[in-house]
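Q: Please take a close look at a single part of this structure and describe its surroundings with care. A connected account would suit me better than a list.

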Amino acid sequence: MAEIVLLDTSVFLNVLDVPGFNQSRDQVLREFERRVNNGDHFLLPLASVWESGNHIAHLSDGRLRRRHAQRLYEQVRAAVGGSAPYRPTYFPSPGEFLAWMKDFPDYAQRSKSSQKTGEGTSLGDLSIIKEWERACSLHPMSRVRIWSLDQDLSSYDQKPRG
């Protein structure tokens, strides 16, 4: 059965093949192909785009920055245009964004996980979690998950109700 899959930055950076963030590229591409063949529906959160752009901007070589920034642009353009295997998530309204921001102090304060007790949830991760919650409420009969190489985000996985 097809799933709804939100792509975390850790996965998207491997798809983009960004140096220093592509150690799992072969594994990610194999899994991506398997999921495409399964008919899964991929969503590209805005936070994954921003965070990927930030990592690209920190590459040490300007030519690499340019090449990967161009590739990021092309992938996002393809997603917006419907020609990529993933679609961008919606842009939250100002009111919804403020609701996310209202939750941020609580998420930032508490430990991200039992393994990461000295780290809170970032605003980027919180926005991906909020988009996952929205997808779950819109699709209660579907499996909705965050595909992440980060164990904390990969734990967000709604099994179909029914």
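A: R143 counts as partly exposed, at a relative accessibility of 23% (buried means under 20% relative accessible area, exposed over 50% and partly exposed in between, with a 1.4 Å probe and protein chains only). This is a predicted model, in which local features need pLDDT of at least 70 and side-chain atom pairs count only at pLDDT 80 or more, while totals for chains, interfaces and linings use all residues. Residues are numbered from 1 along each chain as its sequence is written, and side-chain values use heavy atoms, without hydrogens and water.

The side chain of R143 meets that of E3 in a salt bridge, with 3.0 Å from N to O (a salt bridge is a side-chain nitrogen of Lys or Arg within 4 Å of a carboxyl oxygen of Asp or Glu). This pair links distant parts of the chain, since R143 lies in the loop between α6 (123-138) and β4, whereas E3 lies in the segment before β1, 140 residues apart (helices, H or I with at least four residues, and strands, E with at least two, are DSSP runs numbered from the N terminus). While R143 is partly exposed, its partner E3 is buried, with a relative accessible area of 11%.

By this rule the model holds 11 salt bridges, and R143 and E3 belong to a network of them that also links E31, R34, R35, D40, D157 and K159. Within that network, R35 takes part in a salt bridge with E31, at 3.0 Å from N to O, and in another with D40, at 2.8 Å from N to O. E31 and R35 both lie in helix α2 (residues 25-38), four residues apart, which is about one turn of the helix. In this group R35 is buried, with a relative accessible area of 4%, and D40 is buried as well, at 8%, whereas E31 counts as partly exposed, at 23%.

The strands named alongside R143 and E3 can be followed further. Strand β1 (residues 4-7) and β4 pair in the parallel sense over four bridges (two strands pair if DSSP finds at least two bridges between them), and L7 has W147 as its bridge partner in β4. Strand β5 (residues 157-158) runs antiparallel to β4 and is joined to it by two bridges, with D157 of β5 standing opposite R145; D157 is also one of the residues in the salt-bridge network.

Strand β4 (residues 144-147) is covered on both faces, with V144 and I146 buried on one side and R145 and W147 buried on the other. These strands belong to an open sheet of five, with mixed pairing and the order β3-β2-β1-β4-β5. In that sheet β3 (86-88) and β5 are the edge strands, each of which pairs on one side only.

Helix α1 (residues 9-16) completes this view. Eight of the eight residues of α1 are buried, so the helix is largely enclosed by the rest of the structure; among the buried residues of α1 are T9, F12, N14 and L16. After α1 comes D17, whose phi is positive, near 65°.
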